[in-house]
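Subject: Structure handover

Hello,

I am passing on the structure we spoke about, with notes on what was found in it. Please look through it before reading further.

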Amino acid sequence: MSNAHIKKMFPGAVTSQGFFSYYNYMIQQKNAEHIFVIKGGPGVGKSTFMKKIAQSMLDRGYDIEFHCCSSDNGSIDGVVIPKLNIALLDGTAPHIVDPKNPGAVDEIINLGEYWDEAMLKRSRKQIIDCNAKVSGYFQRAYFGLKEANIALQEWRFNVSAYQDWSKINQMTLKIEREIFGISPKDLANERHLFAWAHTPQGKTQFIDSLLNDTDKLYVLEGQPGSGKSTFLSRIAERALTLNFNVEYYHNTLDPDRLDLIILPDLRIAFVINCEPYAYTPNFNGKIITLNFEESLNTSQLAKDYGDDIQDCKIRVNQHISRALGHSKKAKQTHDLMEQYYIPAMNFLEIESELNSVLKRILGYVEEQAVAVVTNSSSKV
């Protein structure tokens, strides 16, 4: 049985700023061996195509990244095989991915070549109507998240005035001294993604899957406004300055803020456990809790603004729930639209295309093995 590991994250998210994409960080162009950009409509089999190839490589012992879809956490927007520097990406709206180095690195796989266009044209009106409804539901979800973010900003504003920021600064410096040793020689890389998403299935995260190569996890606790995201930003900035690689995982409500950072060179991660995105780790390494409430004047805060904070909390959860409801309706409508595409698809031809792509990926495996043998021989 293979010991290969799957990491799951979200390259894009439904946020208070609309659909927010970090698709350019799924795989770095400068390091990519090959990128397959898969085009085609709903229900043509893009996600299944990528999952089958991912499973074949998992069975061969290759670690895989599943870049999950924020519109349906059972679907994927991309697969990355880190060891081979190969990716398969969904190149359809809203996550438009166009080749940056066509032919040399990027290649389009158009599954639209395998549909019956005449059959689809007979459902033209229904498809257009479904698309319009899906767009409308997502726009309503964005409105809900905007209102949730406003309530959360008010919550943070109320809390921040009661925080002892000098103690937060002291804690930040203490942690920096603890974790940063000798800097790596190479220049640092940064990567930006999402650990959480607002999906039709609810608030969704796969954070545990991201921590497989981590030995130490700092869990940041404390209510909004107590300084957790600012702390993460400062640690990440310091790490980059010292040439450590940093993985940024942005907040799915407000992408300008952070929920999680991973420092892979140090095998250390920092994660926020806080409403409305509470996270309890299932982690085998060392867990260190940093409580931002300890330097907060909670008694005076409760006395002055307790009712306001409770109102903010209610509004945050209410509007997130409203947004999730619209995302669920969008998926239901999208599933209806797939019913027009599925009968029009030639899935035997798609399976043949899949096998062709898999054969080519395995060709890269053979090339990599030959390169390793050649390099070893040259050193003897």
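Strand 4 and strand 8, which covers residues 106-110, pair in the parallel sense over 5 bridges. Within that pairing, I38 stands opposite I109 of strand 8. Please keep in mind throughout that this is a predicted model.

Strand 4 also pairs with strand 7: the two run parallel and are joined by 5 bridges. Here F36 has L88 of strand 7 as its bridge partner.

Is strand 4 buried or exposed? With 6 of its 6 residues buried, strand 4 is largely enclosed by the rest of the structure. Its two faces are both covered, with H34, F36 and I38 buried on one side and I35, V37 and K39 buried on the other.

Next, the cores. The largest nonpolar core has 41 residues, and the members that touch the most others are F49, I53, M57, L88 and I361. At least two residues of this core come from each of the following elements:

- strand 4 (34-39), strand 5 (64-69), strand 6 (72-81) and strand 7 (86-90)
- helix 1 (46-59), helix 3 (124-160), helix 7 (298-341) and helix 8 (347-379)

Helix 8 gives the largest share of the core, with 7 residues.

L88, already mentioned as the partner of F36, is one of the residues that touch the most other core members. Neighbours within four places in sequence aside, L88 is in contact with F36, I38, F49, M50, I53, D77, G78, V79, V357 and I361. A second core, separate from this one, has 39 residues, among them M9, L211, L217 and I309.

One residue of helix 7 can be described on its own: T333 is found in that helix. T333 counts as buried, at 10% relative accessibility. Which residues does T333 contact, leaving aside its neighbours within four places in sequence? They are C130, K133, V134 and Y137.

Then the aromatic residues. A search of the whole structure gives 14 aromatic pairs. In one of them, F19 and Y23 have ring centres 6.4 Å apart and planes at 40°, so this pair is tilted. F19 is partly exposed, its relative accessible area being 21%, whereas Y23 counts as buried at 7% relative accessibility.

Another pair is F20 with F194, where the ring centres are 6.2 Å apart and the planes stand at 85°, so the arrangement is edge-to-face. This pair links distant parts of the chain: F20 belongs to strand 3 (residues 18-21) and F194 to strand 9 (residues 190-194), and the two are 174 residues apart. F194 counts as buried, at 0% relative accessibility. F20 and F194 also belong to one aromatic cluster, together with Y22 and Y25.

Lastly, two lysines lie over aromatic rings. K8 has its charged end over the ring of F206, 5.0 Å from the ring's centre. K203 lies over the face of Y277, and its distance from the ring centre is 5.5 Å.

If you want a place to start, look at strand 4 and its two parallel partners, strand 7 and strand 8. From there, L88 leads into the largest nonpolar core.

Regards

Notes: Residues are numbered from 1 along each chain as its sequence is written. This is a predicted model: local features need pLDDT of at least 70, side-chain atom pairs count only at pLDDT 80 or more; totals for chains, interfaces and linings use all residues. Side-chain values use heavy atoms; hydrogens and water are left out. A nonpolar core is a set of buried Ala, Val, Leu, Ile, Met, Phe, Trp, Tyr and Cys residues joined through side-chain atoms within 4.5 Å. Buried means under 20% relative accessible area, exposed over 50%, partly exposed in between (1.4 Å probe, protein chains only). Helices (H or I, at least four residues) and strands (E, at least two) are DSSP runs, numbered from the N terminus. Contact means heavy atoms within 4.5 Å. Two strands pair if DSSP finds at least two bridges between them. Rings of Phe, Tyr and Trp (its six-membered ring) pair if their centres lie within 6.5 Å; planes under 30 degrees apart count as stacked, over 60 as edge-to-face and the rest as tilted. A charge sits over a ring if NZ of Lys or CZ of Arg is within 6 Å of the ring centre and within 35 degrees of the ring normal.
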